[in-house]
Amino acid sequence: MIRTEQVSKFFGAQRALGPVSFDIADGEAVGFLGLNGAGKTTALRILACDLRPSSGSVSVDGIDAITQPHEVRKRIGFLPEAPPLHGDMTVRDYLSFAGRVRGMSAAEVKKRLPEVCAQTHLDEVDNALIRHLSHGFRQRVGVAQAIIHAPKLLILDEPTRGLDPFQIVEMRNMIRSLKEHHTILISSHILPEISETCDRLLILGAGSIIAAGTEAELTADVARTGRVIVSARSSDGDHGAIHKVLSAIDGVDHVTYLGRHDGGDGFEIAATGDVRAAVCRTLVENEIDVLRLDRAVRELESVFMSVAVGAGAAPAAIAPPEPALEKVAGGSDAKN
Amino acid sequence: MQKISIIFRRELAAYLRSPIGYVVAAVLLLFDGVLFQARALSAGEQLSADILHAFFYYTSGVTMIAAVVLSIRLVAEERQQGTLVLLTTSPVRDVEIVLGKFLAAFLFLAGVTLASVYMPLLILVHGKISFSQVAVGYTGLLLLGSTCLAMGMFASTLTRYQLIAAAVGLCLVGGMLVLYYLAQVVDPPLKGVIENMDLFARRFDGFMTGILNLADVVFYLALTYFFLLLSVKTLEAKRWQ
């Protein structure tokens, strides 16, 4: 469906993307994951024929996107980060306009409109002015304009941006339903969006693809190089003794004391492999109570943190999911 | 052609739905009326041909400003609001985008300009001028308006900020207006070249007196074509940036 070879994009002397090469098969749902400024939007705009690459080749359905952009555009539906909506038009008029500029006849648009409105749950507001709609509805109109001409490839740039949790769930369900009819490419810096809707992930960092594969393939690496948070309590309250016990466990590379944690003493363990069982067993054998034992962060988040930060992106750019995880991200950074 | 028509209808509807269209129409007609009353009719007893000349002189100024104001939003506003991407990711050529938008702005400007026709008609009824003098004058206004629209549109393709686009558009129009005066202080053969590039003093005079000079018509059409071509090329170039 999509083949990119050595694609790069420069804005002046600044490299925004590449060189990157990847293939996306027909019917796949692929997630572009990366921190802000990683090059996701640039890559999507090139695929949507909105930007021309500085070098490299892009083909969609076997058609060269650089020499035949019109043919490629007919096959693509694009939802940019900010949906391209005309606030002065009604939803119906706007979708008709979007369909017509994408090459549909008036009769085709008339036939297709009810289907699209039903698919994106816009039936109730199809006569409302777009500027009067809530953010969630506007985002749906954005998706509707991208699918009005039934494109083979659907490109969604941060489709859940600015939505509330309820709207995010609705959008996710909508995207899942679209997978039946379209090859989908979604970008996001929010991991659950990608992991819950996509078959495969491409992780971008500093303009390059730094990891690619299914969630299972990517998280397999994390299991081999695990990080564990443990909260333990010894009878004499000596956290130094616990530290010594933990450090002596096979496979443990480094132990960091985190202070008081969950009613005990908190430690972060950097290890080669999954040492959770060994940690638990050793602490119990040494008559130390185990109050909490966790892998440091969600598996996919670990992958993201390690590859994205390792690729040179600024750690400060990462939106930390919760305070306890920030330490782990920092540790990961230090290690990398 | 079909894409041009779709974009043309959308743009024309945008003028009719937005306040900017009505504000420009109201201000243009108000200034035309006030200037006609205060300047063209208040100079005492005059030949009706002189009054018509004065009417087209003042109306041309208002038309040039209105054309720039109407055109600056065409691309800059869409780029600022992020709506241009709908067109740039659709199978629509840049030339179709430019022509669709330009024709909508031109038709709107033409409609508003022609709404002032009651004033020369008053001169026609009460004075001694011919209908062809009025028709030639309006042809000139529409050609001048179309040229200024094309200049404004070019300015609009350069930036996402309408204020900057307005400044660039007005500078372009203003720059071409003063060419005539610049020509007065340089020596031939440069004098002739600059004088012929002038947008108003030399080129528009014939239209105000009812003389349809083919060279002037071709000049305005060529200038319109030139700035529309620049607009298309600028849109294309933005994709390479």
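1. **The make-up of chain B.** In this predicted model, chain B is built from 13 helices and zero strands. Reading from the N terminus, you meet α-α-α-α-α-α-α-α-α-α-α-α-α, so do not go looking for a sheet there, because chain B has zero strands.

2. **How chain B is packed.** The C-alpha atoms of chain B occupy a box of roughly 60 × 45 × 30 Å along the principal axes. Its radius of gyration is 19 Å, which agrees with the value near 18 Å for a compact globule of 241 residues. Of those 241 residues, 45% count as buried. Among contacts in chain B with a separation of 6 or more, 77% link residues 24 or more positions apart.

3. **Where the two chains meet.** The contact draws on 24 residues from chain A and 19 residues from chain B. On the chain A side, the elements giving two or more residues are α2 (69-74), β6 (76-79) and α3 (91-101). Which of them gives the most? That is α3(A), with four residues. Sorted by class, this side of chain A has 13 nonpolar, four polar and seven charged residues.

4. **The main buried core.** The largest nonpolar core holds 135 residues, and A:I155, A:L185, B:L149 and B:M153 touch the most other members. The largest share, 12 residues, comes from helix α8 (residues 131-158) of chain B. If you would like to look at one of these residues up close, try A:L185: leaving aside residues up to four places away in sequence, A:L185 touches A:I24, A:V30, A:F32, A:L44, A:L47, A:L153 and A:I155.

5. **Helix α1 of chain A.** Is this helix, at residues 40-47, mostly covered or mostly open? Helix α1(A) is mostly covered, with eight of its eight residues buried. The buried set includes the charged-looking names you might not expect in such a list, A:K40 and A:R45, together with A:T41, A:T42, A:A43, A:L44, A:I46 and A:L47. Two of these, A:L44 and A:L47, are also touched by A:L185. Just after the helix, A:C49 takes a positive phi of about 60 degrees.

6. **A four-stranded sheet in chain A.** Further along chain A is an open sheet of four strands in the order β12-β13-β11-β14, with antiparallel pairing. Its edge strands are β12 (252-261) and β14 (289-295), each pairing on one side only. On average, neighbouring strands are turned by 20 degrees against each other, direction ignored.

7. **One strand pair in detail.** Strands β12(A) and β13(A) (residues 264-271) run antiparallel and are joined by eight bridges. A handy spot for checking the register is A:R260, which stands opposite A:D265 in β13(A).

8. **Two helices across the sheet.** Helix α9 (residues 239-247) of chain A lies across β11 (227-233), β12 and β13, running at about 155 degrees to β12(A). Helix α10 (residues 276-285) of chain A lies across β11, β13 and β14, at about 170 degrees to β14(A).

9. **A second core.** Separate from the core of point 4 is another one of 15 residues, which includes A:V230, A:A232, A:I242 and A:V279.

Note on methods:
Residues are numbered from 1 along each chain as its sequence is written. Chains are lettered from A and ligands numbered from 1 in the order in which they are written. This is a predicted model: local features need pLDDT of at least 70, side-chain atom pairs count only at pLDDT 80 or more; totals for chains, interfaces and linings use all residues. The radius of gyration is taken over C-alpha atoms; the globule rule is 2.2 Å times the number of residues to the power 0.38. A residue is buried if 20 or more other C-beta atoms lie within 10 Å of its own, exposed if 12 or fewer, and partly exposed in between; C-beta atoms are placed from the backbone. Two residues are in contact if their C-beta atoms, placed from the backbone, lie within 7 Å. Ala, Val, Leu, Ile, Met, Phe, Trp, Tyr, Cys and Pro count as nonpolar, Asp, Glu, Lys and Arg as charged, and the others, Gly among them, as polar. Two strands pair if DSSP finds at least two bridges between them. Axes are lines fitted to C-alpha atoms, for helices over the stretch in contact, and angles run from 0 to 180 degrees between N-to-C directions. A nonpolar core is a set of buried Ala, Val, Leu, Ile, Met, Phe, Trp, Tyr and Cys residues joined through C-beta atoms within 7 Å.
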